[in-house]
Amino acid sequence: MGEDTILIIDDDIVSQRQISITLRSRGYVTKITSISPVAVKIVQAELIDVVILDINMSGWMGMELLKEIHISKPKLPVIITSAFTTEELMIEALEKGAYSFMRKPVNTNFLNELIEEAVGM
């Protein structure tokens, strides 16, 4: 921890900022965006250790973005979040390479544990 960079992709600005503030207080560097094409460019151009991705965003759906991220960086851990989801969606995300899936509101302690596991891979 400390130098690990987390990219938060979420169109809910309140959720985005809450997660970012919590992670920064734990020593992580955070980058935030709500724009899918910008997220892809960040993943391609920068060293990102973990992505936190809201699966239900306007514009590209999260599954499309998950696919694009894994085209650029196949081993990059992506933690999916969603306030509105089904078990089928969670299974689909995991089958398509998501590292883990969390329901919103995000439990920041559990999220921190997932990130620690993911960066330790």
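This report describes a predicted model, beginning with its sheet and moving on to two helices and one residue.

## The sheet

The model contains an open sheet of five strands, which follow the order 2-1-3-4-5 and pair in parallel. Strand 2 (29-33) and strand 5 (100-103) stand at the edges, and because each has a single partner strand, one side of each is left without a neighbour in the sheet. When direction is ignored, neighbouring strands of this sheet are turned against each other by 20 degrees on average.

## Strand 4, strand 5 and helix 4

Strand 4, which covers residues 78-82, runs parallel to strand 5 and is joined to strand 5 by four bridges. Looking at a single residue, Thr 81 has Met 102 of strand 5 as its bridge partner. Helix 4 (residues 87-95) packs on the sheet, where this helix touches both strand 4 and strand 5, and the direction of helix 4 makes about 150 degrees with that of strand 5.

## Helix 1 and Thr 22

Helix 1, made up of residues 13-25, lies across strand 1 (5-9), strand 2 and strand 3 (50-54), and runs at about 170 degrees to strand 2.

Thr 22 has its place in helix 1. The relative accessibility of Thr 22 is 17%, and because buried means under 20%, Thr 22 counts as buried. A polar atom of the Thr 22 side chain lies 3.0 Å from the backbone oxygen of Gln 18.

Methods. Residues are numbered from 1 along each chain as its sequence is written. This is a predicted model: local features need pLDDT of at least 70, side-chain atom pairs count only at pLDDT 80 or more; totals for chains, interfaces and linings use all residues. Side-chain values use heavy atoms; hydrogens and water are left out. Two strands pair if DSSP finds at least two bridges between them. Helices (H or I, at least four residues) and strands (E, at least two) are DSSP runs, numbered from the N terminus. Axes are lines fitted to C-alpha atoms, for helices over the stretch in contact, and angles run from 0 to 180 degrees between N-to-C directions. Contact means heavy atoms within 4.5 Å. Buried means under 20% relative accessible area, exposed over 50%, partly exposed in between (1.4 Å probe, protein chains only). A polar contact is a pair of N or O atoms within 3.5 Å; within protein, one must be able to donate a hydrogen and the other to accept it, and residues adjacent in sequence count only if both atoms are side-chain atoms.
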